[in-house]
Amino acid sequence: MSTPTTPKTPPKKSSNPVPNKERIKMPRQHMPERDPQIRAHQFTEVNLGYSEELARQEALRCLECAKPTCTEDCPVGVNVKEFVQLIVDGDFMAAAAKIREDNVLPAITGRVCPQEDHCEGACLLCKRGESLGIGYLERFVADYEQKHFDVTKIVKAPPTGKKVAIVGSGPSGLTAAGDLVQKGHQVHVFEALHEIGGVLVYGIPEFRLPKQIIREQVDIMREMGVEFETDVVVGRTVTIDELMEEEGYDAVFIGTGAGLPQFMGIPGEHLNGVYSANEFLTRINLMHAYEFPKYDEPMVDFRGKNVAVIGGGNTALDAIRSSRRLGAGKAFILYRRSEAEMPARIEEVKHAKQEGIEFQMLAAPLEFLDDGKGWLRAARCQKMELGEPDASGRRRPVPIEGSEYEIPLAVAIMAIGTTANPIIRQTTPGLVTNKKGYIQADENTQKTSRKGVFAGGDIVTGGATVILAMGAGRRAAKGIHEYLTTGKW
Amino acid sequence: MFKIVHAQFIAPGIKRFIIEAPRIARKQRPGQFVIIRVNEHGERIPLTIEKSDPEKGTVNIVVQSIGKTTHLLNSLETGDSIMDIVGPLGKPSEIENFGTVVVIGGGVGTAMAYPSASAMKKAGNRVITIIGGRNKDLVLLEKEMREVSDTVFVTTDDGGYADKGLVTDKLRQLIENGTRIDLVLAVGPIPMMRAVADMTRKERIKTVVSLNPIMIDGTGMCGGCRVLVEGKSEFACVDGPEFDAHRVDFAVLVQRNAMYREAEKRSLDDYKQELEQKSHAPAEETACALEGRK
């Protein structure tokens, strides 16, 4: 098999037998998925993955553009055209190696990347109907590789003698680690929690991204030579200065993620039954609270109760679909704009609807009401209408006077974004952050104000997506490699 | 895995563990805590650090059996290991020469107050320590506290040892005697900390309490440990665990800490039942064997 360190192969000629005119007419192959009635009560993965036959059928639709816009729009620059051609050839391991040249976590991005905003959104087939199923194909190839992976075939790059510390094992950290180890640097990843994966583990539920997939991808990285250490909160357990001065790291990459959950600052947010999405999802995903009492972490009893998630992003959908699986009676999304402005992936919205999630659009809570014993009883909400576009380009929600209404609620989960975690900022002198507390880093090299220290992902940009964080991890790896080889800052 | 180099009960239901955790030992400062997870299926709970030994690379934690996890932890012996220990977490105590500092430790909270008392003494303060316990057995670290304090008072709820009464009775005496107090640091059960806060608020004595809300990650990520501080949300793990006692809404803390009471009770009942079955199992087997022989 090919290995992660295989040099780039020259472009090949297409063996796709279908004429271009015919390809446009071919329908997109559907992703097989579990029955919504059944899966709404289980945490097992919803999507089942393409078969080899479906994958080849879908791959045949690729128009093999001379200037592939899909690759241009990919934050890590995956060579879509070539890996898809290799699927047409039936050489799935070669396809996997092709993806790995640019993306060390294909089984993860194949599942959670918002492809419609990147490769699939840029696909020329979109103009004639449905885009190529690039995400589904990537997932197929990655899963195939996983089944057939031969660790003995890994070729390690000659050691450079340079040590890099990666702070945080989320998507940006793992990507940087994967890229740097392939250059021959010694890479050590520090993780604050007890499992490797960061937001992939604590944030994204099993039904969308099984933990086993992350473990397998991490295991491949271990085989490639990346070292992992859990239970280390950099800033508290060891500082960045100590890593560089006392532990001999030549460079540090900070990929700690966005961090602190935001609340609305409305009355009643301290009532029992009001959660941040981070806490709720951490209990479910990292701590397995849905398997209580087999696992010790407890969870409020959701069975038959009214549950609302406030927010419209992927986190909001993960939280409400998890609530459904915990047995929530009425489960709904409360979002202050309309469905068109929801930042969530299209597929998640579709899946949520199939699972009976209600969408209450253009509404926001004003207050959470008490049952007299410290528990949430209801939310007083207000209706909204859309006004002029705001800084985000989306139409601004404007409250409608006199539209207040009350809805009975046992659980409310706040999924309205996060703010920067202060620990590294407070414990790293000279590290420049912006007004909001996010670390300032160069857009191309991810260099910070501190020599040898790089940063990327949500801790630089604020809450974004897995693939954007991976893109930053990639750029940082390039920047770090250049710094380590030239010594120039 | 982190090895337990020493484990010993220091009072009924209260055990001291010395755990090999060199990174934490090196960095720990007074006022900070750790989060532990006993095993693969375990929950994460915050625990007090009594002290640490940077040279030996060990930290001491003092654990009172309350729920399942603490019972399970206290069943571990020297030579066993725990799955995870992470820290030191939270902001260290603000240590400076305030003048006269009254350090109040209630029950197992005394273990957390101890390193702060010690540091306050080193910083040049006059340290008056009040240790409270329900009974004689639950008066912890008296000897250690005497070594770092100018004066130590001990109270027990039942009067079985030292002075009968509450730590606040002693504090009131100090105030009424006209003792100049520049700072009060109170660590213990919530009702105790609330009572101390109420008393010093009237006297306008700066008072710091160390809070123990429900917590998962301990790094600011989950927001489960949020406490209401003058109507504003603050996170005990990154903004605390020490807060100005006069600004804390203790009622909300009590209410939030009761959130999982039912589940916690179930966990503990299941655990005790499991233990009971284990201890009865051999006896039952013998009984069955005898039955068979008949």
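Helices, in the sense used here, are DSSP runs of H or I of at least four residues, numbered from the N terminus. On that basis, and in a model that is predicted, A:Gly225 is placed just after helix α12 of chain A, where its phi is positive at about 115°. The helix itself covers residues 211-224 of chain A, and its 14 residues reach 20 Å from the first C-alpha to the last, close to the 20 Å expected at 1.5 Å a residue. The buried positions of α12(A) are A:Lys211, A:Ile213, A:Ile214, A:Gln217, A:Val218, A:Ile220, A:Met221 and A:Met224. In general, an α-helix has 3.6 residues a turn, so residues three or four places apart point the same way.

Chain A, to which this helix belongs, contains 19 helices and 16 strands. Its radius of gyration is 23 Å, close to the 23 Å that the globule rule gives for 489 residues, so chain A is as compact as a globular protein of that length. The C-alpha trace of chain A spans about 65 × 60 × 50 Å along its principal axes, and 60% of the 489 residues are buried. Of the contacts in chain A with a separation of 6 or more, 71% are accounted for by residues 24 or more positions apart. The exposed area of chain A is about 19,100 Å², of which carbon and sulfur atoms supply 50%. With regard to charge, chain A carries 60 positive and 65 negative side chains, and the centres of these two sets lie 4 Å apart.

Chain B comprises eight helices and 16 strands. For its 294 residues a compact globule would have a radius of gyration near 19 Å, and the value for chain B, 21 Å, agrees with this. Along the principal axes, the C-alpha trace of chain B extends over about 80 × 45 × 40 Å, while 56% of the 294 residues count as buried. Where contacts in chain B join residues at least 6 apart in sequence, 66% of them are between residues at least 24 apart. Chain B exposes about 13,100 Å², with carbon and sulfur atoms supplying 49% of that area. Its side chains include 40 positive and 40 negative ones, the centres of the two sets being 3 Å apart.

Within chain B, helix α3 occupies residues 109-122, and its end C-alpha atoms are 21 Å apart, in agreement with the 20 Å that 14 residues should span at 1.5 Å a residue. This helix is mostly covered, as twelve of its 14 residues are buried. The buried set runs through B:Gly109, B:Thr110, B:Ala111, B:Met112, B:Ala113, B:Tyr114, B:Pro115, B:Ser116, B:Ala117, B:Ser118, B:Ala119 and B:Met120. B:Gly124, which follows α3(B), has a positive phi near 105°.

A further local feature of chain B concerns B:Pro92, which is located in the loop between β7 (84-89) and β8 (100-106). The relative accessibility of B:Pro92 is 40%, and this residue therefore counts as partly exposed. When neighbours within four places in sequence are left aside, B:Pro92 is in contact with B:Arg29, B:Pro30 and B:Gln32. For B:Gln32, the separation from B:Pro92 is 60 residues in sequence, whereas the C-alpha atoms of the two residues are 5.4 Å apart in space.

Definitions and conventions
Residues are numbered from 1 along each chain as its sequence is written. Chains are lettered from A and ligands numbered from 1 in the order in which they are written. This is a predicted model: local features need pLDDT of at least 70, side-chain atom pairs count only at pLDDT 80 or more; totals for chains, interfaces and linings use all residues. Side-chain values use heavy atoms; hydrogens and water are left out. Helices (H or I, at least four residues) and strands (E, at least two) are DSSP runs, numbered from the N terminus. The expected span of a helix is 1.5 Å times one less than its number of residues. Buried means under 20% relative accessible area, exposed over 50%, partly exposed in between (1.4 Å probe, protein chains only). The radius of gyration is taken over C-alpha atoms; the globule rule is 2.2 Å times the number of residues to the power 0.38. Contact means heavy atoms within 4.5 Å. Accessible areas come from the Shrake-Rupley method with a 1.4 Å probe; for residues, only the protein chains shown count as cover. Lys and Arg count as positive and Asp and Glu as negative; His and the chain ends are not counted. The place of a charge is taken as NZ of Lys, CZ of Arg, CG of Asp or CD of Glu.
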